[in-house]
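Please look through the structure shown here with its sequence, following one residue, then the packing of several helices, and finally the cysteines.

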Amino acid sequence: MLFGDVGEFLMRLLTWLPVFILAICVHEAAHAWAAWRLGDPTPVVQGRLTLDPRAHFDPLGALMFLIAMFSGIGFGWAKPVQVNPLNFRHMSRDMALVAAAGPASNVLQAFFWTAVLAFCVSLGNLLPVLEPVLIFLMRFCLAGIYVNLGLAVFNLIPLPPLDGSRILRMFLPMELRWRLDMLERTGLGFIALIVLLYIGALRFVWYPAFIGAQWLIRLAGV
């Protein structure tokens, strides 16, 4: 990537970076919105119910994203939304719902970008003169589909601190819940996630995201 086609890399950065930032902001705002609707005002008080990137910016997560862009390996992240489970009526269930809101928002965004892509295809058929502009816009649409489905699938991995672990927690007996909580509190879950990613053990998780993206792109008429 670093020594490949510089122009293509810059174009990819130009289209994928804003789409990624938007996807992350909506993802985190969805967590905040779900917590607020379920009775916990903590994210609202902390200013997280917003699409302002500054509210969700995490310096280390941003650095890791840039490294992933250059190396093709790894991932970035935003500042986690903090909640107070004691404010929930059904603590375990509501924590799972708050966690699920993030990936669900990414799936909805993927459908949104699919609709925009289909519109661009239809407009291109009617007005071929707009083809250069539409091709540029379609790059954003394709990035939106791939980025959001990738984020949704990745965050559903049942390993702390990812959302999937909080959803899985609801279905576990108390003993296993405690062990899962310890993985998150000690940071061992995050370390295990990094190791598994860098040795390629989680490569298979991108397959359903890729298949889903291909299906949406065909649905849009590309």
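In which helix is the place of leucine 197? In this predicted model, leucine 197 has its place in helix H9, which covers residues 188-198. With a relative accessible area of 13%, leucine 197 is buried, because buried means under 20%. Once its neighbours within four places in sequence are left aside, leucine 197 is in contact with Phe75, Phe154 and Leu202. Of these partners, phenylalanine 75 is 122 residues apart from leucine 197 in sequence, although the two C-alpha atoms are 9.0 Å apart in space.

Phe154 also leads to the packing of helices, since it is one of the residues that helix H6 brings to its contact with H10. The axes of H6 (residues 131-155) and H10 come within 9 Å and cross at roughly 145 degrees, and the crossing of these two helices is right-handed. On the side of H6 the contact is made by Leu142, Ile145, Tyr146, Leu149, Gly150, Val153 and Phe154, while H10 contributes Trp206, Pro208, Ala209, Phe210, Gly212, Ala213, Gln214, Leu216 and Ile217. Sorted by class, the residues of the contact between H6 and H10 comprise 13 nonpolar and 3 polar residues, with no charged ones.

Helix H10 (residues 206-219) also packs with helix H5 (residues 91-126), and here the axes come within 9 Å and cross at roughly 30 degrees. The helices H5 and H10 are therefore roughly parallel to each other, as angles under 35 degrees count as such. H5 passes H10 in a right-handed crossing. In this contact, Ala110, Phe111, Thr114 and Leu117 of H5 meet Trp215, Leu216 and Ile217 of H10, and the classes represented are 6 nonpolar residues, 1 polar residue and no charged residues. Leu216 and Ile217 thus appear in the contact of H10 with H5 and also in the contact of H10 with H6.

The cysteines remain to be considered. How many disulfides does the structure hold? The number is 0. For cysteine 25, which is in no disulfide, the nearest cysteine sulfur belongs to cysteine 141 and is 19 Å away; at 3% relative accessibility, cysteine 25 counts as buried. Cysteine 141 is likewise in no disulfide, and its nearest cysteine sulfur, that of cysteine 120, is 4.6 Å away, whereas a disulfide requires the sulfur atoms to be within 2.5 Å. Cysteine 141 also counts as buried, because its relative accessibility is 1%.

Conventions: Residues numbered from 1 in each chain as written. Predicted model: local features only at pLDDT ≥ 70, side-chain atom pairs only at ≥ 80, totals over all residues. Heavy atoms only, no water. Axes fitted to C-alpha atoms, helices over the stretch in contact; angles between N-to-C directions. Helix = DSSP H or I, 4+ residues; strand = E, 2+ residues; numbered from the N terminus. Parallel < 35°, antiparallel > 145°, perpendicular 65-115°, else oblique. Left-handed = near helix turned anticlockwise from the far one by under 90°. Contact = heavy atoms within 4.5 Å. Nonpolar A, V, L, I, M, F, W, Y, C, P; charged D, E, K, R; others polar. Buried < 20%, exposed > 50% of the residue type's maximum accessible area, 1.4 Å probe, protein only.
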